[in-house]
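I am opening a page for this structure. My plan is to look things up one at a time and write down what I find.

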Amino acid sequence: MSINHDEILKKVNPIYFSAKGCLGLLAETGDVDIKNFYGGIDKERLISFDMSDPVTESRVISLEARYHMWNAIAKDTDCQTIVDLPCGYLPHSLIAARLNKNYYGFDLPIVTEEIAPVAAKYLSDAEKNFVQYHGIDATNYESMRNALKDVRGKICIITDGFLGYFKFHDLKAVCANVHRLLREFGGCWYTSDSQFTDLMALTYVVLTGGDRDYIWNLNDSGRNKIAHTDSSNGALFMEGTLEERRRFLKECGFSVKSFRYPEKLNFIPSLKDKPDLMEKMLAAYQEMEEWLITADDTDAENFQGNLDAEKPFAQEFSLTDNVLSIRLRGRLDTITAPKLLEKYEEQSGFTEIHVDATELSYISYAGLHTFEIMQESLKDANLFKISNANDEVKKILKENGYKIMRNA
Ligand SMILES: C[S@@+](CC[C@H](N)C(=O)[O-])C[C@H]1O[C@@H](n2cnc3c(N)ncnc32)[C@H](O)[C@@H]1O
């Protein structure tokens, strides 16, 4: 059976789809760049949005506020290089290139492969020199470092709509990687994720006079359905308090300064015909914090076990007496997990799977999700067995409900 590579990437990383939803919603604002980008992507399962629903309207306005916050930061930063982590499908590349700043759009390969040619259609030849897209995995340091190999001078990383998707171990890895990049290049990290859902909930309150918790509950179930993420289990930037998030970043060796939305955002274009509402909204946004984060001199090694060059990913498959044995080496993350699933889908004639994780150095959300797909494909899920993981991998697997055997 021939297996489509794109389908494999999508299966392993259903989270990419959340970014299509963001672009689709933002297209409702009528912004020309956004509409052009939206016109260029495959709409897949995207449904049309009902703008008369105040929940949708709150989502659109809060996304719009964050979009323009991103643009304002790009304009104000004194860094010549901007890293959009993750870029999704938004036209930030156009904004940065028009400012004559170098733009690095970082996202999963499934996203960058689709959006890079769309951006190229709307960039002038001169602007194209400023723009690069790279398929990376933020939990994988080497993937981001390689993408930045030609960069000289400090970088400004801007993150919007990201940290809330990660459970603790991946979040720690992402933060360790950003910390290491900032220590190498200098510069800073901005994020709107400090108050991602709060912003939408507050927008809903201003629009309707309703209850913030209504949005919190709705967002949790919706996100799980669309992007197959379980944000209800240890996702600090979804579940935790603002203070817990701030403390976590401090423990990761960062200094966090906050400023309020209206300091950089004084206009919400889709509310231009409703000046009273815009004024009320911006006044309410005075409550919302955007974070400017810098790396202290702490050793990044303190908060991620292994930042040294890791063994490259490798996999060995063998079949004996209905048992499919898979030996894995290196990192199983969003870059490598599709290779595992691709090879797995070529196999047949087994009822049991034994994964030897002796040389597995890290497993991210995408690796866990791939294990889940493999396990679910068996008639008896108990016959999916993992043996011999190192302490870090063992901890992650145990937290996600797997038992680790010795020498399966
Ligand atoms: C909610 S979207 C936000 C995208 C964009 N910033 C926006 O506002 O539309 C989340 C993005 O995170 C990306 N993503 C998820 N896991 C990732 C990882 N490990 N490394 C890099 N990008 C990742 C997804 O592909 C998706 O594009």
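What should the 12 residues of helix 2 span at 1.5 Å a residue, and how far apart are its end C-alpha atoms? I get 16 Å expected (1.5 Å times one less than the number of residues) and 18 Å between the end C-alpha atoms, which agrees. Helices here are DSSP runs of H or I with at least four residues, numbered from the N terminus.

I note that this is a predicted model, where local features need pLDDT of at least 70, side-chain atom pairs count only at pLDDT 80 or more, and totals for chains, interfaces and linings use all residues. Residues are numbered from 1 along each chain as its sequence is written.

Next I looked up confidence. The protein chain averages a pLDDT (the predictor's confidence in each residue, from 0 to 100) of 91, and 92% of the residues score at least 70.

Then I turned to the ligand. I found 20 residues around it, with Ala 19, Cys 22, Gly 88, Ala 138 and Gly 161 the closest; a residue counts if its C-beta atom, placed from the backbone, lies within 6 Å. Helix 2 (residues 16-27) gives the most to this shell, with four residues.

I also checked burial (buried means 20 or more other C-beta atoms within 10 Å of a residue's own, all placed from the backbone). The buried residues of helix 2 include Ala 19 and Cys 22. In helix 4, 17 of the 23 residues are buried, so helix 4 is largely enclosed by the rest of the structure.

Methods: Helices (H or I, at least four residues) and strands (E, at least two) are DSSP runs, numbered from the N terminus. A residue is buried if 20 or more other C-beta atoms lie within 10 Å of its own, exposed if 12 or fewer, and partly exposed in between; C-beta atoms are placed from the backbone.
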